Structures are given as C-alpha cells and as structure tokens.
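Colleague: Could you take me closely through one part of this model, the nonpolar interior, and then set it in the context of the rest of the chain? I would like a connected account rather than a list.

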Amino acid sequence: MPLTMTTPHQPALNNDEISLLAEISKALLPAHGAHAVEIVKRVTEQTRNVREIVQTLAVGIDDAEKRAYFVRRAKLAVEQYRAQKTFLVKSSGANKERRMTPLTPEQMACAEEVVSVTLGKQASVLVARYASSTDNSRDFFEQLSAHLMTTKERTALFKAARKLTRTNKVKP
C-alpha cells in the first residue's frame, strides 16, 4: 500500500488504501516527524499486509508512550478502513453474488495448491500470512492473487476458489 507506487509484484493502490496509509503516517508523526511518510513507504514496499506494516512500524518506535499512541491510532485507522470496506461491499448491488465469507482451512489448502504451481515453496508462507491478516475469504484470495503475474494464473486461483465454495456451500 505505498502511496501510488507500484512494484513488479504488487498492484497499484486504490484510494481507500492510500487513505489508510495516510492515516498510519499521521499516527507515526509524533515518533518520526517529517520522516513518517517515507518510513511508511519503505515498509509498504516490503509488504502489503496491514498487520505486518503496523507491527514493523511499531517496533521502530523506541519510546513506549509514542509506540502505544501509534498502535492505538493505527488500529483505529484499520478498523475504520475495514468498516468502510464492509459497508461498500454490503451496499453495492454485486454483493448478492459475491458474499463475504469466513476463510476455511479447505480454501487455504486449495489456494496453496493452485499458487504453488507458480510460486513454489513461497506459496505456503503467503497463504499463512494472508490467512492471519484477514477475516474473510475474498480479501484472502485478492491479497494472494497480487503475487500472481498473469491473468491466467489469477483466473485459475479464483476459479478454484469459486468451485470449492460451490462444492462446500460455504455460508456467509
């Protein structure tokens, strides 16, 4: 989620993600001053996982009081981001076909199997990382798909996810 920058393995950010990073940067200001934005950019180049971003930034704050302040503000920003995202999904007309469902172990295994063809051993690490950072299967598959380079690979991942969901009749 770096501010409007794209790396070879990460897609461009949307406006909501940029806003979230701006809020996280604001929360980091008391600890790092004017360097906060650059620090957030640097960490975000390494990962798009929001939990990892916040944890990495928090570790870099020596003052316990400033660290606690940052963590509170960052958690609030993430909660607001997720609430807005959930609201937008629920209020859109497409949500009848695209429900937000809890992530299951079967979906994780299916995803790992599909992406391991492309990503090899890294697949299990990414599956574990994204499973721990999200509470729904849609976000999990979207985050995982960001590591796939071709449309064909992404299509295969989402096709396997839909097939598994239909087979198991996953409830929202």
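Modeller: A nonpolar core, as the term is used here, is a set of buried Ala, Val, Leu, Ile, Met, Phe, Trp, Tyr and Cys residues joined through side-chain atoms within 4.5 Å, where buried means under 20% relative accessible area. The model is a predicted one, and in it the largest such core has 20 residues, with L20, I24, L28, V40, V54, L57 and F70 having the most contacts inside it. Four helices each supply at least two residues of this core, namely helix 1 (15-32), helix 2 (36-46), helix 3 (50-59) and helix 4 (64-91). L28 gives a concrete view of the packing: leaving out residues up to four places away in sequence, L28 touches G33, A36, I39, V40, L57, I61 and F70.

From helix 4 one can also follow a residue that is not buried. Y69, which is found in helix 4, counts as partly exposed because its relative accessible area is 29%. Apart from residues up to four places away in sequence, Y69 touches A27 and P30, and although Y69 and P30 are 39 residues apart along the chain, their C-alpha atoms are separated by 8.7 Å.

There is also a second, separate core of 15 residues, which includes L119, L126, V127 and A161. Of these, L119 belongs to the buried set of helix 5, together with Q107, C110, A111 and V115. Helix 5 itself (residues 105-119) has 15 residues that should span 21 Å at 1.5 Å a residue, and its end C-alpha atoms lie 19 Å apart, which agrees. Just after helix 5, G120 takes a positive phi of about 65°.

Helix 6 (residues 122-133) then follows with twelve residues, reaching 17 Å from its first C-alpha to its last, close to the 16 Å expected. Its buried residues are A123, L126, V127, Y130, A131 and S133, and because they cover an arc of only 165° around the axis, they are on the same side of helix 6. In the loop between helix 6 and helix 7 (137-145) one finds D135, which counts as exposed because its relative accessibility is 59%. Leaving aside neighbours within four places in sequence, D135 is nevertheless in contact with T101, P102 and L103; D135 and P102 are 33 residues apart in sequence, and 6.1 Å separates their C-alpha atoms.

For the chain as a whole, the model has eight helices and zero strands. Buried residues make up 36% of its 172 residues, and of the contacts between residues at least 6 apart in sequence, 61% join residues at least 24 apart. The chain exposes about 10300 Å², of which carbon and sulfur atoms supply 55%.

A word of caution concerns confidence. The mean pLDDT of the chain is 79, and 79% of the residues reach 70 or more. Over residues 1-7, however, the pLDDT is below 50, while beyond near neighbours in sequence this stretch has 24 contacts in the model. Residues 93-97 also have a pLDDT below 50, and that stretch has two contacts beyond near neighbours in sequence. Where pLDDT is low, the predicted coordinates should not be read in detail.

Definitions and conventions: Residues are numbered from 1 along each chain as its sequence is written. This is a predicted model: local features need pLDDT of at least 70, side-chain atom pairs count only at pLDDT 80 or more; totals for chains, interfaces and linings use all residues. Side-chain values use heavy atoms; hydrogens and water are left out. pLDDT is the predictor's confidence in each residue, from 0 to 100. Contact means heavy atoms within 4.5 Å. Buried means under 20% relative accessible area, exposed over 50%, partly exposed in between (1.4 Å probe, protein chains only). The expected span of a helix is 1.5 Å times one less than its number of residues. The arc is that of the directions from the helix axis to the C-beta atoms. Accessible areas come from the Shrake-Rupley method with a 1.4 Å probe; for residues, only the protein chains shown count as cover.
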